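Let's take a friendly walk through this structure, one region at a time. Have the sequence and the 3D view ready as you read.

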Amino acid sequence: MIRDAELRARAEVVIPGGMWGHMNAQALPPSYPQFFKQASGVLIKDVDGNEYIDFICGFGPMILGYNDAEVEVAFESQRARLDATNGPAEVMVELAELLVETIPAADWAMFSKNGTDATTACVTIARAQTKCRKILVAKGAYHGAAPWCTPRPDGTTAEDRAHLISYTFNDVASLAAVCAQVGDDLAGILVSAFRHDARHDQEMPTLEFANAARALADQNNAALILDDVRAGFRINIGGSWEPLGVRPDLSAWSKALGNGHAIAAVTGNNRFRDAAQRVFVTGSFWCGAASMAAALATVQKLKRIDAISQMVRLGDMLRTGLQAQANEIGIGLRQTGPVQLPIMLFDDDADFAKGNLFTTTALRHGVYLHPWHNMFLSAAHTEDHIATALIATKHGLEAVSQQFSQKS
């Protein structure tokens with residue numbers, strides 16, 4: 001990793017810490033690269049020329065694979081005509097129409113650039129409509145990096161979070177208790193598509209919890225807000241809670257929406273239309289037409305090829321194969337949450353030493369996994385990619401078995 005090391009050293013001089021945020025490779029074992037130079041389909045290549053089958057997908061945006069031809073043609077065609085200018089292009093209306101047609105809970109759509117934009121706008125719209133302040137959030141849930149929701153509070157104030165109240169995900173009694181606690185000052189109940197906290201087993205929402213969230217929002221004249229930034233378009237094309245039959249008032253979208261191009265959206269129902277019109281949320285690049293064209297092409301293709309069914313089928317193949325390996329070798333491995341957004345955690349691994357060894361071994365065999373964050377499948381993954389990944393995971397499990405059996 002000579003070139004990667006050189007770039008890290010140069011970055012340290014001109015960038016605080018050399019890198020920031022969730023893509024900082026310093027949070028991963030030393031063998032993980034920080035810098036990349038090429039990507040296509042599900043293959044990524046680091047600056048030292050090492051190639052990997054990628055199961056991170058840029059932390060979610062790549063749902064059709066890197067540099068999908070249809071998406072890139074749409075992006076470049078629009079960019080050549082018009083991108084960011086004094087006002088939006090026609091494609092903004094076309095994209096909003098497509099989202100309203102695709103998402104049953106949506107009567108309207110607004111656009112921005114990243115997930116934090118979208119979740120923040122949802123909270124702002126909820127407060128504008130209800131004239132209330134309190135927002136209920138699940139303990140440990142991630143909703144972005146703005147001062148009101150960042151998981152790392154350095155540089156923020158207590159006042160930034162003064163009106164956030166925590167409940168326990170999937171715990172109806174907990175949710176009901178905090179609703180009662182805030183009384184008539186409840187603006188919104190913010191829920192994740194499923195519990196996908198880093199370093200923890202994932203947890204799908206129960207029907208009882210989803211129904212309770214909807215009922216409590218209604219009883220308190222508050223907004224039910226679905227943060228679908230991470231899972232959107234991977235669980236259900238119309239929204240991650242559609243299989244539950246529970247529809248939010250407001251939803252936040254980003255990541256997969258533009259297949260790697262910077263775009264986010266807020267969708268909502270007509271009850272919140274007037275408030276969405278009144279609030280002032282904006283950005284100089286939020287109406288970038290090229291990213292909107294990419295999003296239009298992405299959603300159209302996702303629907304046409306039934307991408308979710310493909311991801312589920314291959315995710316099942318990966319999960320089943322990996323579990324069979326773990327059973328054969330005799331290792332306690334937990335795989336939780338949707339198969340298309342997998343996480344793999346080891347029993348008795350509080351310091352993630354097993355997970356680190358497992359994923360670094362897989363990395364050496366050309367497969368990029370994450371030791372403690374949920375991963376992502378895309379419609380560009382194939383059975384061959386899964387088969388190759390299972391060869392790497394077997395090496396990883398054997399390494400864990402050998403090293404940790406010797407310690408016991």
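## A word on burial

Buried here means under 20% relative accessible area, exposed means over 50%, and partly exposed covers what lies in between. Please keep in mind that this is a predicted model.

With that cut-off, T336 counts as buried, because its relative accessible area is 17%.

## Around T336

T336 belongs to strand β11, which covers residues 333-336. Which residues does T336 touch, leaving aside those up to four places away in sequence? They are D201, Q202, R319, L341 and I343.

One of these neighbours also has a polar link: the side chain of T336 reaches the backbone nitrogen of Q202 at 2.7 Å. The sequence alone would not show this meeting, as the example of H200 illustrates: T336 and H200 are 136 residues apart in sequence, while their C-alpha atoms are 9.3 Å apart in space.

## The seven-stranded sheet

Seven strands form an open sheet with mixed pairing, in the order β4-β10-β9-β8-β7-β5-β6. Its edges are β4 (108-112) and β6 (164-167); each has a single partner strand, so one side of each is left without a neighbour in the sheet. From one strand to the next, the twist averages 20 degrees.

Within the sheet, strands β5 (residues 134-138) and β7 (residues 186-192) run parallel and are joined by three bridges. If you would like to find the pairing by eye, look for L136, whose bridge partner in β7 is I189.

## Helix α8 and the cores

Helix α8 takes in residues 289-305, and its 17 residues should span 24 Å at 1.5 Å a residue. The C-alpha atoms at its ends are 24 Å apart, which agrees with that expectation. Is α8 enclosed or open to its surroundings? Since 13 of its 17 residues are buried, the helix is largely enclosed by the rest of the structure. Just after α8 comes D306, with a positive phi of about 50 degrees.

In soluble globular proteins, nonpolar side chains tend to be buried together. In this model the largest nonpolar core has 79 residues, and F55, L99 and F111 have the most contacts inside it. Helix α8 gives the most to this core, with 10 residues. A second, separate core has 27 residues, including A187, A264, F272 and V279. Returning to F55, its contacts beyond four places in sequence include L318, V367, Y368, F376 and I386.

## H261 in its loop

H261 sits in the loop between β9 (250-253) and β10 (264-268). With a relative accessible area of 15%, H261 is buried. Its side chain makes a polar contact of 3.0 Å with the side chain of E72. Beyond four places in sequence, H261 touches V71, E72, F75, S291 and A294.

## Two loop residues with positive phi

Where is C57 found? The loop between β3 (51-54) and α2 (69-81) holds C57. Its phi is near 55 degrees, a positive value in a residue other than glycine. C57 is buried, with a relative accessible area of 2%.

R199 lies in the loop between β7 and α6 (207-219). Phi of R199 is near 70 degrees, again positive in a residue other than glycine. Is R199 buried or exposed? R199 is partly exposed, because its relative accessible area is 41%.

Terms used
Residues are numbered from 1 along each chain as its sequence is written. This is a predicted model: local features need pLDDT of at least 70, side-chain atom pairs count only at pLDDT 80 or more; totals for chains, interfaces and linings use all residues. Side-chain values use heavy atoms; hydrogens and water are left out. Helices (H or I, at least four residues) and strands (E, at least two) are DSSP runs, numbered from the N terminus. The expected span of a helix is 1.5 Å times one less than its number of residues. Buried means under 20% relative accessible area, exposed over 50%, partly exposed in between (1.4 Å probe, protein chains only). Two strands pair if DSSP finds at least two bridges between them. Axes are lines fitted to C-alpha atoms, for helices over the stretch in contact, and angles run from 0 to 180 degrees between N-to-C directions. Contact means heavy atoms within 4.5 Å. A polar contact is a pair of N or O atoms within 3.5 Å; within protein, one must be able to donate a hydrogen and the other to accept it, and residues adjacent in sequence count only if both atoms are side-chain atoms. A nonpolar core is a set of buried Ala, Val, Leu, Ile, Met, Phe, Trp, Tyr and Cys residues joined through side-chain atoms within 4.5 Å.
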